[in-house]
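Let's walk through how the copies in this assembly sit against one another. Have the coordinates open and follow along, one contact at a time.

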Protein chains: 8
Amino acid sequence: MEKPLVAIIMGSDSDLPIMQDAAKMLDEFGVAYELTIVSAHRTPDRMYEYAHSALQKGVKVIIAGAGGSAHLPGMVASLTPLPVIGVPIKTTALDGLDSLLSIVQMPPGIPVATVAVNGAKNAGILAASILGTTDAPLQKKISVYKEQLKKEVTEKAEKLERVTYKKYLDEKK
Amino acid sequence: MEKPLVAIIMGSDSDLPIMQDAAKMLDEFGVAYELTIVSAHRTPDRMYEYAHSALQKGVKVIIAGAGGSAHLPGMVASLTPLPVIGVPIKTTALDGLDSLLSIVQMPPGIPVATVAVNGAKNAGILAASILGTTDAPLQKKISVYKEQLKKEVTEKAEKLERVTYKKYLDEKK
Amino acid sequence: MEKPLVAIIMGSDSDLPIMQDAAKMLDEFGVAYELTIVSAHRTPDRMYEYAHSALQKGVKVIIAGAGGSAHLPGMVASLTPLPVIGVPIKTTALDGLDSLLSIVQMPPGIPVATVAVNGAKNAGILAASILGTTDAPLQKKISVYKEQLKKEVTEKAEKLERVTYKKYLDEKK
Amino acid sequence: MEKPLVAIIMGSDSDLPIMQDAAKMLDEFGVAYELTIVSAHRTPDRMYEYAHSALQKGVKVIIAGAGGSAHLPGMVASLTPLPVIGVPIKTTALDGLDSLLSIVQMPPGIPVATVAVNGAKNAGILAASILGTTDAPLQKKISVYKEQLKKEVTEKAEKLERVTYKKYLDEKK
Amino acid sequence: MEKPLVAIIMGSDSDLPIMQDAAKMLDEFGVAYELTIVSAHRTPDRMYEYAHSALQKGVKVIIAGAGGSAHLPGMVASLTPLPVIGVPIKTTALDGLDSLLSIVQMPPGIPVATVAVNGAKNAGILAASILGTTDAPLQKKISVYKEQLKKEVTEKAEKLERVTYKKYLDEKK
Amino acid sequence: MEKPLVAIIMGSDSDLPIMQDAAKMLDEFGVAYELTIVSAHRTPDRMYEYAHSALQKGVKVIIAGAGGSAHLPGMVASLTPLPVIGVPIKTTALDGLDSLLSIVQMPPGIPVATVAVNGAKNAGILAASILGTTDAPLQKKISVYKEQLKKEVTEKAEKLERVTYKKYLDEKK
Amino acid sequence: MEKPLVAIIMGSDSDLPIMQDAAKMLDEFGVAYELTIVSAHRTPDRMYEYAHSALQKGVKVIIAGAGGSAHLPGMVASLTPLPVIGVPIKTTALDGLDSLLSIVQMPPGIPVATVAVNGAKNAGILAASILGTTDAPLQKKISVYKEQLKKEVTEKAEKLERVTYKKYLDEKK
Amino acid sequence: MEKPLVAIIMGSDSDLPIMQDAAKMLDEFGVAYELTIVSAHRTPDRMYEYAHSALQKGVKVIIAGAGGSAHLPGMVASLTPLPVIGVPIKTTALDGLDSLLSIVQMPPGIPVATVAVNGAKNAGILAASILGTTDAPLQKKISVYKEQLKKEVTEKAEKLERVTYKKYLDEKK
């Protein structure tokens with residue numbers, strides 16, 4: 001098995017349905033990753049060890065998802081010189097505004113690269129683009145991926161311009 | 001020197017002008033405390049040791065103030081069975097809403113007893129009332145303090161009822 | 001029957017599905033409690049008597065849940081020297097932001113120990129940790145509970161590291 | 001001295017610079033009022049007595065101003081069948097959003113007639129318009145007052161239409 | 001038919017499921033009212049005439065409900081010396097925060113007595129309490145109503161204290 | 001086929017169920033339009049070309065809908081001297097507050113005419129009213145449309161005044 | 001004097017320091033305008049007449065600024081088939097969020113073209129771009145203006161690239 | 001001169017007092033950068049060229065700061081496979097919440113690594129940590145920097161523990 005370059009961690013397995021999107025993007029880009037649960041609040045010692053050992057294991061980028069008082073991304077960032085990407089998980093009470101502010105408003109000295117609420121897919125792409133800064137084939141894959149996004153939009157646009165919007169909507173159903 | 005029953009910690013010495021209000025209340029109640037700086041993000045190891053050792057040192061309640069991505073209260077709470085009181089410090093960018101949500105929205109299992117934005121004074125009183133649950137003289141002091149608050153309000157009310165509000169405001173200046 | 005050390009009160013029986021989580025935690029820790037409805041707005045006299053008599057009855061900590069213009073926790077706190085824990089109940093209109101701000105933003109002199117929106121479970125744990133400051137076996141139970149949380153997370157983490165995340169999610173369904 | 005028809009109460013004398021605007025409007029309309037300090041949190045017993053006795057004293061409308069966890073208007077409303085007007089006082093931390101939500105989001109059964117943040121002037125006018133429902137001369141005064149507002153705006157509009165806006169602004173300085 | 005003392009108006013018949021709660025309360029108190037649709041934006045002339053004629057028709061209090069850019073309560077208030085109660089209707093996009101701020105933040109001179117989001121029931125009670133200031137039997141009914149609320153809460157409290165909370169919840173289903 | 005005077009564009013075909021409301025209004029007013037997908041982020045080059053060529057094609061007004069970090073309306077506005085109407089699409093995480101602020105808070109020099117969250121219908125009407133400034137028959141149609149709105153409200157009001165509100169609600173079901 | 005094509009109105013002369021920016025832009029583009037005060041709440045009749053007569057006077061676009069419960073833009077829009085641009089004025093209490101939501105969240109049928117909080121300058125540009133849809137020389141002026149903005153940015157960028165940022169900041173002082 | 005590895009761009013030179021913090025951090029880490037003004041709205045063509053050419057020039061990471069409808073970071077991210085760090089600049093009207101949401105809520109496919117409001121210093125550190133993933137000496141510098149932060153906190157903590165907090169505050173003045 002390939003050594004993981006990216007670590008995807010989350011505070012709870014209830015975050016997995018969202019966080020799997022990061023894994024899927026890395027699968028698509030062929031980037032090796034590991035994925036596990038690390039809770040800042042329920043397993044603080046595990047978090048310390050995990051964050052401290054990531055660099056030694058060869059991990060280059062850490063993706064951390066958490067909700068509510070979302071401390072995992074920021075605490076991991078305080079424990080490693082690696083770039084940490086934070087994914088604010090949407091919460092039932094405050095719609096993820098709590099998660100977003102808990103993750104993004106880090107004090108000077110300890111950044112967390114924050115993506116959108118539930119933006120795990122983008123966390124995967126961002127991790128790849130970070131690795132891509134010194135991995136030209138991977139960077140190329142990101143460009144190809146963006147081309148693909150563009151192609152999908154263009155095809156939909158062409159269809160929508162060809163048919164009426166009513167027909168377009170009917171066929172989508 | 002008396003052994004501290006309360007630990008007052010804060011993420012940065014820029015929080016001290018606010019956090020001293022907790023100390024002042026404990027001074028008033030005659031509760032021994034220690035006060036220091038512990039940064040979740042800049043001194044994570046110190047935070048671990050501090051939180052782990054507090055119980056052994058005889059500390060009964062921890063008051064932790066922090067602003068922005070305010071992780072100190074929640075992380076300390078995850079590392080100790082002691083009750084932790086969180087003080088959200090007002091921030092320049094988002095007025096302390098970020099601090100408040102970061103501290104109060106803790107996940108099930110790890111509570112933080114959160115007070116108002118910049119509410120360090122109340123954190124001191126709350127710590128005293130916690131200790132007061134098994135310290136009748138201290139609990140009495142809290143009742144006396146509340147009586148004092150009441151007396152101050154009543155005196156002001158009496159004055160305001162006696163003079164016109166214009167005169168009251170003039171004399172306040 | 002054991003004398004209750006904790007009083008769990010709520011503004012309406014519609015809060016009970018949330019507030020029962022506090023009771024469940026206290027059951028788990030073996031802490032005697034009483035649970036009832038006290039509405040600040042609909043039964044103000046009952047609230048006064050309840051708050052005034054709690055101390056005499058031997059109650060050590062009060063947990064109060066309320067939603068919207070959530071005045072119960074703060075009013076009870078103004079009427080007793082006991083520590084009061086406030087649980088903001090999620091509302092349909094403003095998602096509990098109204099409840100949270102009504103409870104947490106108490107004026108200097110009268111603190112309420114506020115937990116997360118719908119965080120009744122944490123209110124129970126916080127009450128236990130307050131009692132635990134002078135009840136070593138109870139404090140130990142909290143440590144054991146936290147160990148249990150840790151164990152659950154660790155087991156899930158181990159499983160997730162063993163199987164693929166797809167399989168993990170399939171098995172969870 | 002005339003018996004007061006309106007009671008203006010506030011949680012703290014720090015609210016007086018704002019709350020005096022209610023008094024000024026009632027002075028202008030010739031409505032007798034009393035004005036005092038009643039703190040829900042620091043003088044709960046005084047609040048009870050005050051709210052319970054207002055009706056007997058002949059008070060018809062109560063104006064209550066408070067900030068932060070602003071419980072005074074709602075608690076007074078729970079203790080009297082009189083209409084209660086709530087004035088949310090602007091706070092330094094959360095700009096009065098906390099005061100507004102604490103006052104306006106009352107549960108079914110106990111309304112508070114809420115005006116704008118710091119809207120004490122409008123509280124005075126609203127009290128007068130309530131009394132005016134059965135006091136034709138007072139109601140007439142409100143209509144005259146509104147005519148006066150209209151006249152002031154019209155005069156300013158005429159001036160602004162006559163001179164350039166630059167000159168208008170220069171002369172205002 | 002009795003001459004209406006209260007006018008209940010709303011911007012759209014989609015607000016009726018909420019606004020009927022005001023009517024129901026007035027029915028309960030035996031207060032005559034009229035209820036209709038007046039849109040500030042779609043029937044501005046109708047709104048002018050309605051607001052101007054309300055006083056002449058003998059209406060004493062106007063209850064106006066509206067959502068989003070909720071201009072109806074404030075515009076009606078600008079056109080009549082009668083007290084106007086505003087009911088912010090919950091919106092799908094911004095949860096009624098837009099409605100609340102549009103209604104409550106009126107400029108000096110033109111108050112709107114604002115109740116909670118979707119708080120039509122309280123609008124009805126507030127209207128009755130306004131009329132009750134000079135109608136002792138009606139004021140008495142409000143006191144009786146509050147007694148009834150108190151009784152309901154007390155009965156529920158007694159039941160909850162008698163049975164376990166689990167049983168209470170089971171029986172509620 | 002008539003040359004389009006209005007261009008309706010959106011960032012994704014998932015916005016079409018909302019954005020079709022703009023098309024429907026233009027259909028009703030007999031204004032020729034084109035409708036397509038242009039993503040600021042996924043098809044930036046297409047957006048450039050589209051925005052640059054709109055004026056030459058004879059388009060007079062552009063309606064652009066987008067959600068989240070909604071950059072389409074503002075970017076198109078920066079690339080054309082034509083008026084651009086922005087429609088903030090409601091998002092699942094933050095209810096469209098993100099879309100609204102992203103679109104409306106444009107810097108000095110580059111305005112976007114922003115309508116309500118999901119307000120595509122109003123975008124269509126606004127586009128027509130812009131064209132109507134120099135197209136009297138079209139302007140007339142807008143007046144007629146507003147008369148129609150008025151008529152619908154008036155008919156509903158008349159019905160509601162005729163029957164009881166209970167019956168009205170029953171018949172609506 | 002040229003007949004005004006744009007009407008700039010505002011709820012109060014306290015809005016003039018902001019609203020003059022709209023006038024300045026129209027001066028720069030050579031577009032004739034009139035500017036006056038029209039208060040929705042204090043001069044509702046004047047607002048009716050003003051809105052009803054604007055079309056007859058030859059006005060093509062109305063710019064309306066207002067703060068708090070900002071009803072002027074929406075009410076004017078309900079009274080005219082002309083396009084109405086709304087400028088939310090920043091308020092002291094809620095920072096203009098109240099003004100923004102009051103103006104932008106208009107119901108289906110009556111749009112207001114909303115610009116940024118205090119965005120009067122952009123309101124002027126938007127009005128010009130609306131007139132520019134059938135006035136090629138004016139449209140050209142907008143393009144020239146945008147070129148000028150671009151030139152200013154480019155010159156600053158060139159300077160910043162030439163000197164160090166420290167020197168750039170020193171020279172700006 | 002060394003070829004820049006990081007590009008620091010901002011929408012306006014008014015952002016420079018904040019954005020210089022990113023440059024200062026890169027200076028401290030010895031990372032070559034270029035710094036210039038690129039406005040998404042006022043120089044869209046320049047932005048296109050800049051974003052398209054960055055990769056070819058050897059830039060590895062782009063830091064983009066912008067305020068209000070902050071489109072620069074997201075648009076640049078759509079035009080390059082390089083990682084883009086977004087810095088939300090605090091605004092006068094909405095405190096930077098608009099900037100934050102405009103930058104962070106990017107749609108799937110195009111991430112922006114967002115830091116705190118005005119968090120330019122952290123943007124510099126994040127850029128360094130990204131480059132550090134394949135530059136061990138740079139990564140070491142980040143670890144050293146974090147050690148330095150820790151040392152500063154520890155020294156302050158030691159001083160605060162040695163002297164009284166009153167003395168500490170006096171000496172800070």
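**Two ways for copies to meet**

Start with chains E and C: turning by 90 degrees, with 0.0 Å of shift along the axis, puts chain E on chain C at an RMSD of 0.0 Å. The pair is therefore related as by a four-fold rotation axis. Keep in mind that this is a predicted model. If you want to find the axis from chain E, look for E:D95, whose C-alpha comes closest to it of that chain's residues, at 6.0 Å.

Now look at where these two chains touch. Chain E puts 18 residues into the contact, and chain C puts in 21. Do the copies use matching or different surfaces here? Only 6% of the interface residues of chain E are also interface residues in chain C, so the copies meet through different surfaces.

How much area goes into this contact? The size of an interface is often given as the accessible area lost when the parts come together. For chains E and C that comes to about 1600 Å², with carbon and sulfur atoms giving 66% of it.

There is charge pairing here too: three salt bridges turn up across the interface of chain E and chain C. One of them to pull up on screen joins the side chains of C:D13 and E:K172, with N to O at 3.5 Å. The interface of chain E and chain C also has six residue pairs in polar contact, both partners being at pLDDT 80 or more. On the chain E side, the elements giving two or more residues are helix 6 (136-162) and helix 7 (165-172). Helix 6 of chain E brings the largest share, nine residues. Sorted by class, the chain E side of this contact holds nine nonpolar residues, eight charged and one polar.

While we're on helix 7, hop over to chain C, where C:Y165 belongs to helix 7 (residues 165-172) of that chain. Is C:Y165 buried or exposed? Buried is under 20% relative accessible area, and C:Y165 counts as buried because its relative accessibility is 6%. Its neighbours come from two chains: leaving aside residues up to four places away in sequence, C:Y165 touches A:L16, A:Q20, A:A23, A:K24, A:D27, A:Y33 and A:L35, along with C:L160.

Next, move to chains H and A. Here a turn of 180 degrees and a shift of 0.0 Å along the axis lay chain H on chain A, with an RMSD of 0.0 Å. That means the two copies are related as by a two-fold rotation axis. The same surface serves both copies, as 100% of the contact residues of chain H recur in chain A.

The contact takes 38 residues from chain H and 38 from chain A. Together, chain H and chain A bury about 3100 Å², 63% of it on carbon and sulfur atoms. How many salt bridges link chain H and chain A? The count is zero. What this interface does have is 18 residue pairs in polar contact, with both residues at pLDDT 80 or more.

To trace the chain H side of the contact with chain A, follow the elements that give two or more residues: helix 3 (72-78), helix 4 (97-104), strand 5 (113-114), helix 5 (120-132) and helix 6 (136-162) of chain H. By class, the residues on this side of chain H divide into 24 nonpolar, eleven polar and three charged.

Note on methods:
Residues numbered from 1 in each chain as written. Chains lettered and ligands numbered in written order. Predicted model: local features only at pLDDT ≥ 70, side-chain atom pairs only at ≥ 80, totals over all residues. Heavy atoms only, no water. Contact = heavy atoms within 4.5 Å. Buried area = accessible area lost by both parts, 1.4 Å probe. Salt bridge = Lys/Arg side-chain N within 4 Å of Asp/Glu carboxyl O. Polar contact = N/O pair within 3.5 Å; in protein donor to acceptor, adjacent residues only side chain to side chain. Helix = DSSP H or I, 4+ residues; strand = E, 2+ residues; numbered from the N terminus. Nonpolar A, V, L, I, M, F, W, Y, C, P; charged D, E, K, R; others polar. Least-squares fit on C-alpha atoms with pLDDT ≥ 70 in both. Buried < 20%, exposed > 50% of the residue type's maximum accessible area, 1.4 Å probe, protein only.
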